[in-house]
Amino acid sequence: MASSKEYVDFILEQCEGLTTRAMMGEYVLYYGGKVVGGVYDNRLLAKPTPSAKKRMPDAPMELPYEGAKEMLLVESMEDKAFLQSLFAVIAEELPTPKKKK
């Protein structure tokens, strides 16, 4: 089941600074130019960095799709400040993407 555009728009309204790129009916989430998570089957998933795990110690790990690495399921989507800080710390911990030639 592909994610709905309405759900993705809701996530973008909740967290300033997030951008998306549609990929095969799902959406990859970027923060500061870094991939920090995605929307898969209308589920908000975040990369499981140490800080993200610390902020959400009880969050279940779920597969975005068959063959992918597990990600943290973000269930608290009403708290804008939490989402903003979550994706900001995830982006901080990730390496800067290499420039394409």
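In the predicted model, the side chains of S3 and E26 are joined by a polar contact of 2.5 Å. A second link of S3 runs to the backbone, as a polar atom of the S3 side chain lies 2.9 Å from the backbone nitrogen of N42. S3 belongs to the segment that precedes helix 1, which covers residues 5–14. With a relative accessible area of 8%, S3 falls under the 20% limit and therefore counts as buried. When neighbours within four places in sequence are left aside, the residues in contact with S3 are G25, E26, Y27, V39, Y40, D41 and N42. E26, the partner in the side-chain contact, is thus also found in this list, and so is N42, whose backbone nitrogen was named above.Two of the residues in contact with S3, D41 and N42, have unusual backbone angles to report. The phi angle of D41 is positive, near 50°, in a residue other than glycine. N42 is likewise not a glycine, and its phi is positive at about 55°. D41 is placed in the loop between strand 3 (34–40) and strand 4, and N42 is in the loop between strand 3 and strand 4 as well. The relative accessible area of D41 is 29%, which makes this residue partly exposed. N42, with a relative accessible area of 27%, is partly exposed too.

Strand 4 comprises residues 43–46, and R43 lies in it. R43 has a relative accessibility of 18% and is counted as buried, because the limit for a buried residue is under 20%. A polar atom of the R43 side chain lies 3.5 Å from the backbone oxygen of P64. Apart from neighbours within four places in sequence, R43 is in contact with Y7, G38, E62, L63, P64 and L73. P64 therefore appears both as the residue whose backbone oxygen lies 3.5 Å from the side chain of R43 and as a member of the contact list of R43, contact being defined by heavy atoms within 4.5 Å.

Three exposed residues were also examined. M24 is located in the loop between strand 1 (18–23) and strand 2 (26–31). Its relative accessible area is 84%, and M24 is therefore exposed. The C-alpha atoms of M24 and A2 are 8.1 Å apart in space, while the two residues are 22 places apart in sequence. K54 is situated in helix 2, which consists of residues 50–55. The relative accessible area of K54 is 71%, so this residue is exposed. Between K54 and F87, which are 33 residues apart in sequence, the C-alpha distance is 13 Å. K98 is found in the segment after helix 3 (80–93). K98 has a relative accessible area of 80%, over the 50% limit, and therefore counts as exposed. From the C-alpha atom of K98 to that of G25, 73 residues away along the chain, the separation is 26 Å. G25 is itself one of the residues in contact with S3.

The overall fold of the protein chain contains three helices and six strands. Starting at the N terminus, the elements follow the order α-β-β-β-β-α-β-β-α. The radius of gyration of the chain is 13 Å, close to the 13 Å given by the globule rule for 101 residues, so the chain is as compact as a globular protein of that length. The C-alpha trace spans about 40 × 30 × 30 Å along its principal axes. Among contacts between residues at least 6 apart in sequence, 50% join residues that are at least 24 apart.

Of the 101 residues in the chain, 42% count as buried; S3 and R43 have been described above as buried residues. The accessible surface of the protein chain amounts to about 6,300 Å², and carbon and sulfur atoms contribute 54% of this area. The chain carries 14 positive and 15 negative side chains. The centres of these two sets of charges are separated by 13 Å.

Definitions and conventions: Residues are numbered from 1 along each chain as its sequence is written. This is a predicted model: local features need pLDDT of at least 70, side-chain atom pairs count only at pLDDT 80 or more; totals for chains, interfaces and linings use all residues. Side-chain values use heavy atoms; hydrogens and water are left out. Helices (H or I, at least four residues) and strands (E, at least two) are DSSP runs, numbered from the N terminus. Buried means under 20% relative accessible area, exposed over 50%, partly exposed in between (1.4 Å probe, protein chains only). A polar contact is a pair of N or O atoms within 3.5 Å; within protein, one must be able to donate a hydrogen and the other to accept it, and residues adjacent in sequence count only if both atoms are side-chain atoms. The radius of gyration is taken over C-alpha atoms; the globule rule is 2.2 Å times the number of residues to the power 0.38. Accessible areas come from the Shrake-Rupley method with a 1.4 Å probe; for residues, only the protein chains shown count as cover. Lys and Arg count as positive and Asp and Glu as negative; His and the chain ends are not counted. The place of a charge is taken as NZ of Lys, CZ of Arg, CG of Asp or CD of Glu.
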